[in-house]
Amino acid sequence: METNRQKKIGGVLQKDLVDILQGEIRKNGISNLVISVSKVNVTSDLSVATVHLSIFPQDKAAETLAAIKSNTSLIKHDLSQRVKLQLRKVPNLTFYIDDSLDYIEKIDNALSAKENPIENRDLLERRKKS
């Protein structure tokens, strides 16, 4: 369970990471790419922050994540300049793609299709009585 301090630090990092990533996109003139930071989890010792990114369009996600991971040290430096009055030490950043929206869309498509297990009970596996 996250403490209030971890949540507050995660919120500060999330806000500043959004500014940094969106600023880099604008500065480099990249169009048709949206990166949002959906969640930042900070460990209890505040040494590691896992950053979950939502990248649209999805087909550019792997290549964008690779570019972000290769520039992690520069992102951490920019972040340290922004939060130097709030944190003594900036946590190490690890980036992941947040696929929760894809998961939700997959469930939604399954429920709206013909193979809806709620409407057609024969699609579900039968429970074995013990």
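Start with a pocket: Arg 5, Ile 9, Val 42, Asp 45, Leu 46, Gln 86, Leu 87, Arg 88, Lys 89 and Pro 91 line the second largest one. This is a predicted model, so everything below describes a prediction. The space in that second largest pocket comes to about 160 Å³, and its lining splits into 5 nonpolar, 1 polar and 4 charged residues.

What about the largest pocket? Its volume is about 330 Å³. There are 16 residues around it, and Leu 21, Glu 24, Asn 28, Ile 68 and Asn 71 are the closest to its centre. Helix H1 (4-27), H2 and helix H3 (72-82) each give two or more residues to that lining. By type, the lining of the largest pocket holds 10 nonpolar, 3 polar and 3 charged residues. As for how such spaces are found at all, rolling a probe the size of a water molecule over the atoms shows where empty space is left.

Here are the two pockets side by side.

| Pocket | Volume | Lining residues by type |
|---|---|---|
| Largest pocket | about 330 Å³ | 10 nonpolar, 3 polar, 3 charged |
| Second largest pocket | about 160 Å³ | 5 nonpolar, 1 polar, 4 charged |

Now for the sheet. It is an open one made of 3 strands, in the order E1-E2-E3, with mixed pairing. Strand E1 (34-42) and strand E3 (92-97) sit at the edges, each pairing on one side only. On average, neighbouring strands here are turned by 30° against each other, if you ignore direction. Helix H2 (residues 61-70) packs on this sheet and touches E1, E2 and E3; the direction of H2 makes about 175° with that of E3.

Zoom in on one pair of strands: E1 and strand E2 (residues 48-56) run in the antiparallel sense, joined over 8 bridges. If you want a spot to look at, Ser 36 stands opposite Ser 54 in E2.

Two helix residues are worth a visit. Leu 17 belongs to helix H1. Is Leu 17 buried or exposed? Its relative accessibility is 0%, so Leu 17 counts as buried. Leaving aside neighbours within four places in sequence, Leu 17 is in contact with Val 37, Val 40, Val 51, Ile 75, Leu 79 and Leu 93. Take Val 37 from that list: Leu 17 and Val 37 are 20 residues apart in sequence, yet their C-alpha atoms are 7.3 Å apart in space.

The other one is Thr 64, over in helix H2. Thr 64 has a relative accessible area of 10%, which means that it is buried. Beyond neighbours within four places in sequence, Thr 64 is in contact with Leu 33, Ile 35 and Ile 55.

Finally, a few backbone oddities. Most residues other than glycine have a negative phi, and most peptide bonds are trans. Which residues go the other way here? Asn 32 is one of them, with a positive phi of about 60° although it is not a glycine. You'll find Asn 32 in the loop between H1 and E1, and its relative accessibility of 65% makes it exposed. Leu 46 also has a positive phi of about 60° without being a glycine. Leu 46 sits in the loop between E1 and E2; at 19% relative accessibility, Leu 46 counts as buried, because the cut-off is under 20%. Remember that Leu 46 is among the residues lining the second largest pocket.

The last oddity is a peptide bond: from Phe 56 to Pro 57 it is cis, with omega near 5°. Pro 57 lies in the loop between E2 and H2.

Notes. Residues are numbered from 1 along each chain as its sequence is written. This is a predicted model: local features need pLDDT of at least 70, side-chain atom pairs count only at pLDDT 80 or more; totals for chains, interfaces and linings use all residues. Side-chain values use heavy atoms; hydrogens and water are left out. Two strands pair if DSSP finds at least two bridges between them. Helices (H or I, at least four residues) and strands (E, at least two) are DSSP runs, numbered from the N terminus. Axes are lines fitted to C-alpha atoms, for helices over the stretch in contact, and angles run from 0 to 180 degrees between N-to-C directions. Contact means heavy atoms within 4.5 Å. On a 1 Å grid over the protein atoms alone, a cavity is a set of points where a 1.4 Å probe fits but cannot get out, and a pocket is an open set with protein on both sides within 12 Å along at least five of seven lines; lining residues have an atom within 4 Å of a point. Grid points are joined across faces, edges and corners, and a volume is the space filled by probe spheres set on the points. Ala, Val, Leu, Ile, Met, Phe, Trp, Tyr, Cys and Pro count as nonpolar, Asp, Glu, Lys and Arg as charged, and the others, Gly among them, as polar. Buried means under 20% relative accessible area, exposed over 50%, partly exposed in between (1.4 Å probe, protein chains only).
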